[in-house]
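Let's go through this fold the way you might over coffee at the bench, with some questions and some answers. Here's what we'll be looking at.

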Amino acid sequence: MIEVDSFDLKMLAALQSDGRLTNQQLADAVGLSASQCSRRRMRLEDEKVISGYHADLTPEALGFGVIAFIQVTLATHSPDNAKKFRMLVQRVDEIQEAYSLTGDADYVLKAILRDLKGLSDLVNDVLMPHQSVAHVRSSIVLDRLKETSKLPLKALR
């Protein structure tokens, strides 16, 4: 874990809200000079605290109307089977997130799709026929109550 001070935390909080901030805008927000912010930002990038920048796209504007969470149970619990499943997950663009779990299911996947037909195709044509998969159970999101990728930086103070 890297050491971060209060200025680093202020910078990270500002960048989490708007990754396009210039060093001058960042300096104005945190109370440092633009050159100090530039050096600090480069250090945070070099240390992989900041792992990248991206544009947040609005799924609905592009016709993605269905979000689903899919629980997957593997057919067997072997390293080879788990590897095959992980490779499958990496190949499927509709799967945005995938987590290995404790409990009844082995994995939970977050998928974003254009419509219910897309979900049906993913479950019936991609996941279920795969040799590593024994059971699939999906839940469709009705409403998003909260969605963020921001880390709770206040916990670091």
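Q: Leaving aside neighbours within four places in sequence, which residues is leucine 127 in contact with?
A: A word on the source: this is a predicted model, where local features need pLDDT of at least 70, side-chain atom pairs count only at pLDDT 80 or more, and totals for chains, interfaces and linings use all residues. Residues are numbered from 1 along each chain as its sequence is written, and side-chain values use heavy atoms, with hydrogens and water left out. Contact here means heavy atoms within 4.5 Å. On that basis, leucine 127 touches Ile70, Phe85, Leu88, Leu109, Leu122, Val133 and Val136.

Q: Which element supplies the largest share of the largest nonpolar core?
A: A nonpolar core is a set of buried (under 20% relative accessible area, 1.4 Å probe, protein chains only) Ala, Val, Leu, Ile, Met, Phe, Trp, Tyr and Cys residues joined through side-chain atoms within 4.5 Å. This one has 21 residues, and Ile70, Val72, Phe85, Leu109, Leu122 and Leu127 touch the most other members. S1, H4, S3, helix H5 (116-127) and S4 each put in at least two residues. The largest share, five residues, comes from S1.

Q: How many residues does the second, separate core have?
A: Leu15, Leu26, Ile50 and Leu153 are among its members. The total for this second core is 14 residues.

Q: Why is one side of S2 and of S4 left without a neighbour in the sheet?
A: Strands (E, at least two residues) and helices (H or I, at least four) are DSSP runs numbered from the N terminus, and two strands pair if DSSP finds at least two bridges between them. The open sheet has four antiparallel strands in the order S2-S3-S1-S4. S2 (95-100) and S4 (133-140) are at the edges, so each has a single partner strand.

Q: What is the bridge partner of valine 66 in S3?
A: S1 (residues 66-74) and S3 (residues 107-113) pair in the antiparallel sense over seven bridges. Across from valine 66, the partner in S3 is leucine 113.

Q: At about what angle does H4 run to S3?
A: Angles run from 0 to 180 degrees between N-to-C directions, with axes fitted to C-alpha atoms (for helices, over the stretch in contact). Helix H4 (residues 79-91) lies across S1, S2, S3 and S4. Its angle to S3 is about 15 degrees.

Q: What pattern does the protein follow along the sequence?
A: There are five helices and four strands to place. Read along the sequence, they give α-α-α-β-α-β-β-α-β.

Conventions
Buried < 20%, exposed > 50% of the residue type's maximum accessible area, 1.4 Å probe, protein only.
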